[in-house]
Structures are given as C-alpha cells and as structure tokens.
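Let's walk through this one together, starting with what is hidden from solvent and moving on to a helix and some rings.

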Amino acid sequence: NLKFEFFFMINSLLHCGFLEKNQNLKIGRNFLIGNKKKIKSFKKFSINNLKNNLEFKKNSNQDTDAKDKFLSWLSYNNVYIFNKSTWGRAPHQCFVSNETTDEGEPCGRGLLAFKKIQQGEKLIEIPENLILSVDRDQIKNEGNDFLNEYDSLGIFLIQQMAMGDKSKWKIYFDILPREEDLNLGFRWNLNDIVFLRGSKTLNASLYLKEKIKIQFLRLEKTIFSKNRLKYPVSIFNLAQWEWALSILLSRAIFLQNLKKVSLVPYADFMNHNPFSTSYINSKKISFSKNHEIVMYADKDYNKFDQIFTTYGQKTNLELLLLYGFILERNPFDSIELRISLSDKDSFFEKKKQFMIECEKTSEITFPIFYYKYPK
C-alpha cells in the first residue's frame, strides 16, 4: 500500500533528522507536523494541475471580492475599520489579509497591524447587534428550554443561511469557510483518520462525530419532524447540522460578560497563538444599555505583525479536533497518564479499602505536559 509506505518513509525521515524543525508535512488529508493551519493536499503532476491552478486563481479572486464586500458591510453596520484618520479618530490599527504566516508557517486569513500598536490599545470594537447569538429567555418562552446554547444557535444559523439575501448576515456567511475547507479532525474521512490509530484523537474524533449525529436525531424527533413547514428536510438535515456545528465549534466565542456563545464577525478572523493573553469579550458602552465587543493588545506590535488572540489553553488534540491544526510549540499540549492499583497485588484489597477510606479512587489520570511539570 503506497499510502502506508509513504507514512513510514516520513517517519524515518523525521527520526533521522533529514527534515528541518519547522517544515510542514502533510500526513493523510490535513494532519500537519508543523506550526500552523492546514495546507493544500499533495497533487500528482498532470494536466489537471493547470485546471487546479486556474481554479485556485478564480477562488482567490472570489475571496478578495467577498472580503471587500464584507469590509463594506462592516463599515455600513458601524464597525470602525477605516485606515485613514477621521474627525476625532485615528486610523484603525488592523487590516484583513487573506494569507498570513506565523514563524514562517502559513495560517490562512488573519488580521495584521496597519501601524505600530502599543500594549493596551483597543484593537476591535463591534456593536452587539452585529453578533449572532440567541436569547435564552426567548428559548424558554417557546417551550424549548431543553435546548442547550449550541443547539439553539445551530438552528438559528441554519435558518439564517437558508434565508439567503434576506438575511442580515448574508455577506458574513459568504466569507465563512467553504464545506471543503472545514477540515476539523472529526470530519476526516476513514482513509485519513486511519493515521490517527494509537492516538487518543481517533476515539475523540469518532465520539464527537457520533455525538453530533445523536444530537441531530434528538432535535429531529423533538422539533424538526413536528413542524416540517418551518423545518423542511431539504434544509434541516444531518449534513447541514454538521456544517453548522463545525462553524460554531471552530469560530464561536464565549462572551464572558454577556454570558453567551456568539459568532462575532471580523473578530473571528484572528488566529490562535498559545502565548497570547488577549481575549475577546464584551464591554458596556458608557451612558448606554448596549454593549460592544472589544479586544485589547496584550503586547506591542510592529507594522505588518500578525495580531493574535487565544482560543484558550488547548492541547493539540483539542486544536486538531475542533480547528483542524496543531502547534509545534504548544505549552499546553499534554498526554494523559492513567495509574491504577493492580488486582494482582497481594495487598490489593487492603490498598483499595484504604483508598476508599481516604475518599480516593483506585485509579487516577493526570496530564503529562511537554513544557512543565504536572499539577
């Protein structure tokens, strides 16, 4: 099998040290040994390459057009993104780039510094009425209080997508990742996921995929099937539900001050860096009942530096599963070590009884970190 021969060849090269430390390698469909997000699949040299290159250029132009429309939409909805001074305001510090890098590794679309930025400067401010979220009180009033926040937001996202041009967020949806670009770990096909054998990521991927399916079947039984006029099968199906959950898992932000999970246009362009301490949150506007979504610089940035946020203290397993990439330098990466009493020990029963008296279990699991001692 050529695929397995290729896999073992790569392993050999890695162990022999023939590959540079920061060089990206692709194993399977989108598993990276390297520092950042997914790269394009390997292609055979053929006449199809020319077609693929032309298609790539076409998609690049479409991405640029979608980005320009999106920025105009943001400006129309009172998001301050002007790169020139206006009356009483300095230029916005950031701009969107379709191609960004981190330590020489490609990481897709992101935000770059338009000018030198000092620590503590406000980087983004987005009106609360532009975010996608659901009102918990409204959910309870509709008699659907058994739904969790991701259920409700997933349903709302599918509804808004189905509205097309009538949706307030249509232009935002146009710039979201395409179906083929949502390479979250649990969405890999069987030919690719086989390379995760021996890793906890494999079981986690299969579990999450099954959980999303069960989640959909529960909604199908309790909500969708009871009102086909409102929830037609052509729109509310398993494929659409998996897409919606993929978007939410990889892009939704928990706004601590508002206590809600939300999709925040523009803010979700920022890429993750485990060393960043900048969090996206809401802040009440002075002399108003409304909030705005803000983020402040956690350090000084030079012009054209990429601006990062943090997705939280996540292991590479979580990053691969929920976002589709891993980090070579991840201070929060760990493996779990489970230790338990052996039933072959002659003192097993006495030790077990002692553990019970101490209100402890006979086995314990704790993380082993690569860069620090376990807590």
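A residue counts as buried under 20% relative accessible area, as exposed over 50% and as partly exposed in between, using a 1.4 Å probe and protein chains only. By that yardstick, Y231 and F236 are both buried. Before going further: this is a predicted model, where local features need pLDDT of at least 70, side-chain atom pairs count only at pLDDT 80 or more, and totals for chains, interfaces and linings use all residues. Numbering runs from 1 along each chain as its sequence is written, and side-chain values use heavy atoms, leaving out hydrogens and water.

Now for the rings. Those of Phe, Tyr and Trp (its six-membered ring) pair if their centres lie within 6.5 Å; planes under 30 degrees apart are stacked, over 60 edge-to-face, and the rest tilted. That rule gives 13 aromatic pairs. F224 and Y231 have ring centres 5.2 Å apart and planes at 45°, so they make a tilted pair. Y231 also pairs edge-to-face with F236, at 5.0 Å between centres and 85° between planes. Elsewhere, ring pairs join F70, W73, Y172, F173, Y266 and F269 into a cluster.

Next, look at helix α8, residues 238–251 (helices are DSSP runs of H or I, at least four residues, numbered from the N terminus). Of its 14 residues, 11 are buried, among them W241, W243 and R251. The cover over these buried residues includes α4 (149–162), α7 (200–222) and α9 (316–322), with contact meaning heavy atoms within 4.5 Å.

Note on methods
Helix = DSSP H or I, 4+ residues; strand = E, 2+ residues; numbered from the N terminus. Expected span 1.5 Å × (residues − 1).
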